[in-house]
Amino acid sequence: TENYSYVTNVTAVRYEMVVHYGTRPLLTRIENLTGISAQCSPSSPQENKAPRLDKNFTRWINAHVDWDTERLIGYKQAS
């Protein structure tokens with residue numbers, strides 16, 4: 001934000017968390033940061049189960065992702 005005087009906050013949003021908890025927590029955070037009430041209805045949490053991933057795909061992802069960076073936003077390496 002140091003290069004953009006009009007940016008006062010940056011919030012990482014994980015898609016999986018929005019799906020799991022719905023959009024209410026995200027909307028509340030934005031409302032608290034901006035002082036503006038949301039003009040939309042929050043979406044409900046979804047009961048999506050994680051898909052089974054092919055072992056070769058998992059190995060490839062584990063080998064090619066920068067896990068130090070991913071950990072900064074809450075992801076972890078699959079086993």
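## A guided tour, starting at Thr 58

Select Thr 58 to begin: this residue lies in helix 3, where a helix is a DSSP run of H or I with at least four residues, numbered from the N terminus. You are looking at a predicted model, in which local features need pLDDT of at least 70, side-chain atom pairs count only at pLDDT 80 or more, and totals for chains, interfaces and linings use all residues. Residues are numbered from 1 along each chain as its sequence is written, and side-chain values use heavy atoms, with hydrogens and water left out.

Is Thr 58 buried or exposed? It counts as buried because its relative accessibility is 14%; buried means under 20% relative accessible area, exposed over 50%, and partly exposed in between, with a 1.4 Å probe and protein chains only. Now show its surroundings: setting aside neighbours within four places in sequence, Thr 58 is in contact with Leu 53, Ala 78 and Ser 79 (contact means heavy atoms within 4.5 Å).

**Two more threonines**

Next, click on Thr 23, in the loop between helix 1 and helix 2. Thr 23 is buried too, since its relative accessible area is 18%. Not counting residues up to four places away in sequence, Thr 23 touches Val 18, Pro 42 and Ser 43.

Then move to Thr 69 in helix 4. With a relative accessible area of 40%, Thr 69 is partly exposed. Try drawing a line from its C-alpha atom to that of Arg 59: the two residues are 10 apart along the chain, and the line spans 18 Å.

**A loop residue**

Select Asn 48, which sits in the loop between helix 2 (24-34) and helix 3 (55-64). Asn 48 is exposed, as its relative accessible area is 54%. Add His 20 to the selection: 28 residues separate the pair along the chain, and their C-alpha atoms are 7.8 Å apart.

**Rings and a charge**

How many aromatic pairs does the structure hold? There is one. Show Tyr 4 and Tyr 6 to see this edge-to-face pair, with 6.0 Å from centre to centre and 65° between the planes. Rings of Phe, Tyr and Trp (its six-membered ring) pair if their centres lie within 6.5 Å; planes under 30 degrees apart count as stacked, over 60 as edge-to-face and the rest as tilted. Tyr 4 is partly exposed at 46% relative accessibility, while Tyr 6 is exposed at 65%.

Another ring to visit is that of Tyr 75: the charged end of Arg 14 sits over it, 4.3 Å from the ring centre. For this, NZ of Lys or CZ of Arg must be within 6 Å of the ring centre and within 35 degrees of the ring normal.

**The pockets**

Turn on the surface and look for the largest pocket, with a volume of about 750 Å³. It has 24 lining residues, and Glu 16, Ala 50, Pro 51, Leu 53 and Tyr 75 are the closest to its centre. Helix 1 (15-21), helix 3 and helix 4 (67-72) each supply at least two residues of this lining.

On a 1 Å grid over the protein atoms alone, a pocket is an open set of points where a 1.4 Å probe fits, with protein on both sides within 12 Å along at least five of seven lines; lining residues have an atom within 4 Å of a point. Points are joined across faces, edges and corners, and a volume is the space filled by probe spheres set on them.

Finish at the second largest pocket, of about 170 Å³. Its lining includes Thr 11, Met 17, Tyr 21 and Arg 29, and helix 1 and helix 2 each supply at least two residues.
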